[in-house]
Amino acid sequence: MLCIGIIGNFSGHLNAAENVAESDMPNGIFVINCEEEQTLTSGAQLNYPLSGEMVDIEPEFVLRCKVTYEEGKVSSLMATQMSIGNDMTIRQLEGSDKISQRKSWGCQSKGINQHWWSVSRLSPINYDENIKLISYIERDGQLHLATPEVSCTELKVFYCYLMAWMVERINTQHDEGMYQAILPQIAKLGYPQELVLYTGAPNYTQWGEDNFVQKGDVIHIAAYSAVEFSQHAIEDMFANNQLKNNESVLSLSQKVV
């Protein structure tokens with residue numbers, strides 16, 4: 001499986017979470033190591049890492065894309081489905097110099113929703129400012145807003161521009177600093193025809209900045225149409241443990257163990 005995450009696709013997130021300077025475009029990408037079965041999980045539990053500290057929730061829009069190649073490089077990407085996931089991240093890990101080393105730690109280290117929206121065309125006409133993303137951490141029976149309600153239009157790059165940017169970045173990113181060259185990793189995987197793309201996490205609320213993930217926390221993530229659902233309705237859905245997944249809302253709840 002080819003699974004890639006984007007670094008710094010919401011303004012301010014990378015600077016606050018990683019203390020890294022940002023630009024108008026995302027800073028880079030990384031391959032999520034999915035060699036171990038069920039690294040990406042839709043199950044009820046997420047595994048807390050055995051090493052490292054300061055673990056953060058990273059709720060994200062996730063795209064499933066068709067990949068085509070030409071002469072050993074990616075020639076095009078086409079989004080076919082959209083969902084939500086949790087790119088849970090270790091902020092401090094001794095001996096790590098690449099961001100990918102802090103991004104996955106084996107079985108059940110990445111959250112992914114089992115329900116996907118079909119994407120006929122990834123455009124502002126179909127996915128406008130009314131498509132929202134929000135997350136909560138439930139601790140000791142109380143819901144805390146971890147990331148505020150944001151729209152997919154707030155991503156630095158999205159729609160067809162994201163597909164074009166990803167093609168260029170996959171083909172040209174070098175092994176430098178926290179980043180790694182991507183093409184050699186794709187070749188090692190046998191040039192997969194499908195890509196699962198975590199598109200980037202938003203900024204945290206003050207509570208989200210002050211609190212890292214703990215064992216026993218329940219992480220709640222939702223994407224929804226603000227025409228059909230209010231933020232209050234989403235919070236009630238999680239508070240009452242009545243998850244909904246349909247063409248207007250996606251919801252994911254997972255306990256950290």
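In this predicted model, K156 is in contact with two stretches of sequence beyond its own neighbourhood: G8, N9, F10 and S11 in one, and E22, S23, D24, M25 and P26 in the other, leaving aside residues up to four places away in sequence. The residue itself is found in the loop that runs between β12 (142–151) and α2. K156 has a relative accessible area of 17%, and because values under 20% count as buried, this lysine is classed as buried. A polar atom of the K156 side chain lies 3.2 Å from the backbone oxygen of G8.

The largest nonpolar core contains 53 residues, and the members that touch the most others are I4, L162, M166 and I170. Helix α2 (residues 159–172) supplies the largest share of this core, with seven residues. A second core of 15 residues is separate and has C3, V20, W116 and M178 among its members.

The contacts of I4, again without residues up to four places away in sequence, include I29, F30, V31 and I32. I4 also touches M166 and I170, as well as I182 and the run L195, V196, L197 and Y198.

Empty space in the model was also examined. The largest pocket holds about 330 Å³ of space. Its lining is made up of 14 residues, and those nearest the centre of the pocket are V31, I32, N33, E35 and Q185. Six of the lining residues are nonpolar, six are polar and two are charged. V31 and I32, named here beside the pocket centre, are also contacts of I4.

Technical notes:
Residues numbered from 1 in each chain as written. Predicted model: local features only at pLDDT ≥ 70, side-chain atom pairs only at ≥ 80, totals over all residues. Heavy atoms only, no water. 1 Å grid on protein atoms, 1.4 Å probe; cavity = no way out; pocket = protein on both sides within 12 Å on 5 of 7 lines; lining within 4 Å. Points joined across faces, edges and corners; volume = space filled by probe spheres on them. Nonpolar A, V, L, I, M, F, W, Y, C, P; charged D, E, K, R; others polar. Core = buried A, V, L, I, M, F, W, Y, C linked by side-chain atoms within 4.5 Å. Buried < 20%, exposed > 50% of the residue type's maximum accessible area, 1.4 Å probe, protein only. Helix = DSSP H or I, 4+ residues; strand = E, 2+ residues; numbered from the N terminus. Contact = heavy atoms within 4.5 Å. Polar contact = N/O pair within 3.5 Å; in protein donor to acceptor, adjacent residues only side chain to side chain.
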